[in-house]
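Welcome! Here is a short briefing to read with the sequence and the 3D structure at your side. Take a look at both before you go on.

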Amino acid sequence: MLSRVANTMYWMNRYIERAENYARFMDVHFNLSLESPPDAEEQWKPLVVITGDWPLYQSLYNKVDKSRVIYFLGFEPKNPNSIYNCITNARENARSIRPEITKEVWEQINSIYFFVKEGLEKKLWKSNDPRIFFKKIKEDCQLLYGIFDATISRSDGWHFGKIGQLIERADKTSRVMDVKYHILLSTPQEVGSPIDLMQWAALLKSVSAYDMYRKKYGKLTALNISEFLILDKKFPRSMLCCLIYAEQSLQEITGSIGGFSNEAEKQLGKLKSELEFVDINDVFASGLHEYLDEFQQHLNRVSISLYNSFFAVQSQIQGQQ
């Protein structure tokens, strides 16, 4: 497969996953904000901080409130990671590889794009209840996942798309967990309180993990919730589960069975192995925030190695010499 097509398929899926995840945690935190003081900064600032776009937000706005954060994460044209820009970029990527995807996938991406564009024109972030927008984004992206899986042959292109989706999902699960850390900094006196438990429940709901967690553990505890979202091998949005299936897709592309044949396989396999053999008590002993931050940095190295191994034109030329 041409490196351009592989790269485009990879990023198309990353953008869709990113948009869906932004809609997820904004939806949950909007519900959570209904129990908090109006426009509480400590409720909304962490959502921007975890995306890594806090410096950009500060350069654009002089205040943190619900309306501005929803606009920034949902619609802001100057924010490259807003839902609007993610969907726009996903659509452009899909358009550039139109022969490689199906009519059904193209139509669904178009449908999401025009819905988000209409939301920008109608200024939905000023709505009293923007949850309708969030819900529609989540449902439309999930429908797209189903169409993609049901209509695309399991070729290298499908696997590159799946890798992009899973790496983005692992990253966002780690970041949404970090929201709790940043909220905790401003309210240490509430640890173990009903509000604390409500926030942990909201965290689970933001990654659709609440029901499966309850089925496995029952009682809400910080340790068990963290173990479930980081180390569970069967829950599809846990960090480890994402890496397991991303590695499987990468091995389908390279044909490797055990070991590694390039830097991408090496970095991904190393990170997956580290999660497989870590104990959640050790994670808490060293610091949950520090562990998540290190995971995100290592995941960035995986992304860079994927680019260098498969997508960079120079690496392709060198491989042919």
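Lysine 136 is a good place to start: its relative accessible area is 33%, so it is partly exposed. "Buried" stands for under 20% relative accessible area, "exposed" for over 50%, and "partly exposed" for what lies in between (1.4 Å probe, protein chains only). Please keep in mind that this is a predicted model, where local features need pLDDT of at least 70, side-chain atom pairs count only at pLDDT 80 or more, and totals for chains, interfaces and linings use all residues. Residues are numbered from 1 along each chain as its sequence is written, and side-chain values use heavy atoms, with hydrogens and water left out.

**Around aspartate 140**

- Lysine 136 has a partner, since its side chain meets that of aspartate 140 in a salt bridge with an N to O distance of 3.4 Å.
- A salt bridge here is a side-chain nitrogen of Lys or Arg within 4 Å of a carboxyl oxygen of Asp or Glu.
- The two residues are four apart in helix H7, so about one helical turn separates aspartate 140 from lysine 136.
- Helices in this briefing are DSSP runs (H or I, at least four residues), numbered from the N terminus.
- Aspartate 140 is buried, because its relative accessibility is 7%.
- The backbone oxygen of aspartate 140 also has company: a polar atom of the side chain of glutamine 108 lies 3.0 Å from it.
- Glutamine 108 belongs to helix H6 (residues 103-121), and its relative accessible area of 10% makes it buried.

**Salt bridges between distant parts of the chain**

- How many salt bridges does the rule give? The count comes to 21.
- One of them joins glutamate 20 to arginine 237, with the closest N and O atoms 3.1 Å apart.
- This pair links distant parts of the chain, 217 residues apart: glutamate 20 is in helix H1 (residues 3-33), while arginine 237 is in the loop between helix H11 (222-231) and helix H12 (239-254).
- Are these two partners buried or exposed? Glutamate 20 is buried, because its relative accessibility is 0%, and arginine 237 is buried with a relative accessible area of 7%.
- Another salt bridge connects lysine 272 and glutamate 247, whose closest N and O atoms are 2.7 Å apart.
- Here too the pair links distant parts of the chain, with lysine 272 in helix H13 (residues 263-276) and glutamate 247 in helix H12, 25 residues apart.
- Lysine 272 and glutamate 247 are both buried.
- Salt bridges also link Arg14, Arg18, Glu168, Asp171, Lys172 and Arg175 in a network.

**A serine between H12 and H13**

- Serine 256 sits in the loop between H12 and H13, and it counts as buried because its relative accessible area is 12%.
- Its side chain makes a polar contact with the side chain of glutamate 265, at 3.1 Å.
- A polar contact is a pair of N or O atoms within 3.5 Å; within protein, one must be able to donate a hydrogen and the other to accept it, and residues adjacent in sequence count only if both atoms are side-chain atoms.

**Positive phi in two loops**

- Most residues other than glycine have a negative phi.
- Lysine 123 has a positive phi, near 55°, and is not a glycine.
- You will find lysine 123 in the loop between H6 and helix H7 (131-151), where it is partly exposed with a relative accessible area of 43%.
- Serine 208 is not a glycine either, and its phi is positive at about 55°.
- The loop that holds serine 208 runs between helix H9 (194-206) and helix H10 (210-216), and the residue is partly exposed, with a relative accessible area of 44%.

**A negative patch on the surface**

- Which residues gather in a patch of negative charge on the surface? They are Glu274, Glu290, Asp293 and Glu294.
- A patch of this kind is made of residues with over 30% relative accessible area and no salt bridge, with like charges joined within 9 Å.
- Helix H15 (residues 288-311) gives the largest share of the patch, three residues.
- Glutamate 290 is found in helix H15, and its relative accessibility of 43% makes it partly exposed.

How values were computed: Patches are made of residues with over 30% relative accessible area and no salt bridge: like charges are joined within 9 Å, nonpolar side chains (Val, Leu, Ile, Met, Phe, Trp, Tyr) within 5 Å. Accessible areas come from the Shrake-Rupley method with a 1.4 Å probe; for residues, only the protein chains shown count as cover. Lys and Arg count as positive and Asp and Glu as negative; His and the chain ends are not counted. The place of a charge is taken as NZ of Lys, CZ of Arg, CG of Asp or CD of Glu.
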